[in-house]
Amino acid sequence: MTAEQRLAAVDLFEQGIGHKAVSSRLNAGEHAVRGLEKRFRIWGRAALESKPTNQVYSFEFKLAVVRQFLDGEATLMELAQRHRLSSPNLLRTWVRTYREQGEDGLRPKAKGRPKTASGAEAGGPTELEKLRRENQRLQAENAYLKKVRALRNQPPR
């Protein structure tokens with residue numbers, strides 16, 4: 001949707017017109033208009049403003065809101081409005097994650113590539129493992145050379 005379409009859509013929402021009618025009037029995608037309507041119900045005209053960064057929520061906050069939903073205290077939309085979440089879809093994602101992974105799924109994840117320590121502490125090969133691998137390589141090389149020698153010493157057919 002263009003900025004003009006979003007502004008016109010919010011004007012129509014304020015008049016009490018639903019997303020299907022707004023979508024057809026503005027010749028805009030119904031899915032996009034429905035998402036804008038949901039944000040409008042939470043934020044009002046502020047739904048037109050773009051946020052510069054993503055909001056980060058604490059583990060305790062996410063867990064409390066998910067439990068409120070699972071206990072039947074309110075619907076996704078009501079909780080999103082009450083807690084000023086950007087969208088009910090955010091809460092829906094938290095609920096799905098909680099159901100699949102439990103409380104640990106709501107904990108913050110480390111960003112970026114994991115750091116590695118040096119040597120055996122990082123799970124690297126120990127000296128004994130290195131020697132065993134070298135021994136295997138040398139045994140394979142020796143067996144290969146014996147096979148080549150045996151093939152050279154065979155009489156021609």
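**Aromatic contacts around phenylalanine 61**

Phenylalanine 61 has a relative accessible area of 25% and is therefore partly exposed. The model in which this residue sits is predicted.

One ring that phenylalanine 61 pairs with is that of tryptophan 94; the arrangement is edge-to-face, with 6.2 Å centre to centre and 90° between the planes. This pair links distant parts of the chain, since phenylalanine 61 lies in helix 4 (residues 59–70) and tryptophan 94 in helix 6 (residues 88–101), 33 residues apart. Tryptophan 94 has a relative accessible area of 7%, so this residue is buried.

A pair of aromatic rings is described by the distance of the centres and the angle of the planes. Rings count as a pair if their centres lie within 6.5 Å, and by this rule the model has four aromatic pairs. Among them is the pair of tyrosine 57 and phenylalanine 61, which is stacked, at 5.3 Å centre to centre and 20° between the planes. Tyrosine 57 counts as buried because its relative accessibility is 15%, under the 20% cut-off.

Taken together, Tyr57, Phe61 and Trp94 make up one aromatic cluster. Within this cluster, Phe61 is stacked with Tyr57 and edge-to-face with Trp94.

Another ring has a charged neighbour. The charged end of arginine 107 is placed over the ring of phenylalanine 59, at 4.0 Å from the ring centre.

Note on methods: Residues numbered from 1 in each chain as written. Predicted model: local features only at pLDDT ≥ 70, side-chain atom pairs only at ≥ 80, totals over all residues. Heavy atoms only, no water. Phe/Tyr/Trp six-rings, centres within 6.5 Å; stacked < 30°, edge-to-face > 60°. Buried < 20%, exposed > 50% of the residue type's maximum accessible area, 1.4 Å probe, protein only. Helix = DSSP H or I, 4+ residues; strand = E, 2+ residues; numbered from the N terminus. Lys NZ or Arg CZ within 6 Å of the ring centre and 35° of its normal.
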